[in-house]
Amino acid sequence: MSFLSRVTTQVRLFTSLIGTFILALLLLNPLHATEPESSKVNAAKGNSSSEKVLNSQASNTANAATPDATDTYRVNVNSAGLEELQQLKGIGIAKAKAIIEYRENNGKIGSLEELTQVSGIGEKFIEHNADNVSF
């Protein structure tokens with residue numbers, strides 16, 4: 001086996017190992033496993049009902065490989081970024097940008113009714129996502 005062949009084989013093995021390592025990191029640390037800031041504050045105050053909700057959310061997140069793998073995944077529309085907002089049914093990049101622009105101009109969104117004031121968000125969105133949205 002020539003020197004070049006040995007080096008090529010070692011480079012392929014190394015590249016394969018790096019790819020496997022990166023994949024493992026992504027699977028073990030999904031981006032959607034974040035908690036809303038308000039939940040963290042309530043848990044720090046010792047609010048037992050908040051702790052129950054956090055424990056419930058943590059177990060749901062731990063069981064979900066992806067955001068859409070469970071029906072109980074909730075998106076906080078006041079803190080979610082473009083990618084997380086697009087996990088909601090019927091939300092593409094344009095509507096996600098509209099939600100972010102609305103909350104930047106008007107402050108936090110407090111209800112599903114207020115969410116319908118965002119351009120492109122209507123009753124159909126509410127029907128499909130009422131259980132998947134938090135504020």
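F14 lies in helix α1, which spans residues 3–28. In this predicted model, F14 counts as exposed, because its relative accessibility of 54% is over the 50% cut-off. The residue belongs to a nonpolar surface patch that also includes I18, F21, I22, L25 and L26. Together, the six members F14, I18, F21, I22, L25 and L26 present about 620 Å² of accessible area.

**The chain as a whole**

Helix α1 opens a sequence of elements that reads α-α-α-β-α-α-α-α-β. The protein chain thus holds 7 helices and 2 strands. It comprises 135 residues, of which 23% count as buried. The exposed surface of the protein chain amounts to about 9,500 Å², and carbon and sulfur atoms account for 56% of that area. When contacts between residues at least 6 apart in sequence are considered, 42% of them connect residues at least 24 apart.

**The nonpolar core**

The largest nonpolar core contains 18 residues. Those touching the most other members are L85, I91, I99, L115 and F125. Two elements, α5 (93–106) and α7 (123–129), each give two or more residues to this core. The greatest contribution comes from α5, with 4 residues.

What does I91 contact, once its neighbours within four places in sequence are left aside? The partners of I91 are L85, Q86, A96, I99, I121 and F125. Among these partners, L85, I99 and F125 also appear, as does I91 itself, in the group of core residues that touch the most other members.

**The surroundings of N78**

N78 is found in the loop that runs between β1 (75–76) and α4 (82–85). Is N78 buried or exposed? N78 is buried, because its relative accessible area of 16% falls under the 20% cut-off. Its side chain reaches the backbone nitrogen of I109 at 2.6 Å. Not counting residues up to four places away in sequence, N78 touches R103, K108, I109 and F135. I109 therefore appears both as a residue touched by N78 and as the owner of the backbone nitrogen that the N78 side chain reaches, since contact is defined by heavy atoms within 4.5 Å.

The two residues for which accessibility is given here are set out below.

| Residue | Relative accessible area | Class |
|---|---|---|
| F14 | 54% | exposed |
| N78 | 16% | buried |

Definitions and conventions:
Residues numbered from 1 in each chain as written. Predicted model: local features only at pLDDT ≥ 70, side-chain atom pairs only at ≥ 80, totals over all residues. Heavy atoms only, no water. Buried < 20%, exposed > 50% of the residue type's maximum accessible area, 1.4 Å probe, protein only. Areas by Shrake-Rupley, 256 points an atom, 1.4 Å probe, with all protein chains shown as cover. Polar contact = N/O pair within 3.5 Å; in protein donor to acceptor, adjacent residues only side chain to side chain. Patch = residues over 30% accessible without salt bridge, like charges linked within 9 Å, V, L, I, M, F, W, Y side chains within 5 Å. Salt bridge = Lys/Arg side-chain N within 4 Å of Asp/Glu carboxyl O. Core = buried A, V, L, I, M, F, W, Y, C linked by side-chain atoms within 4.5 Å.
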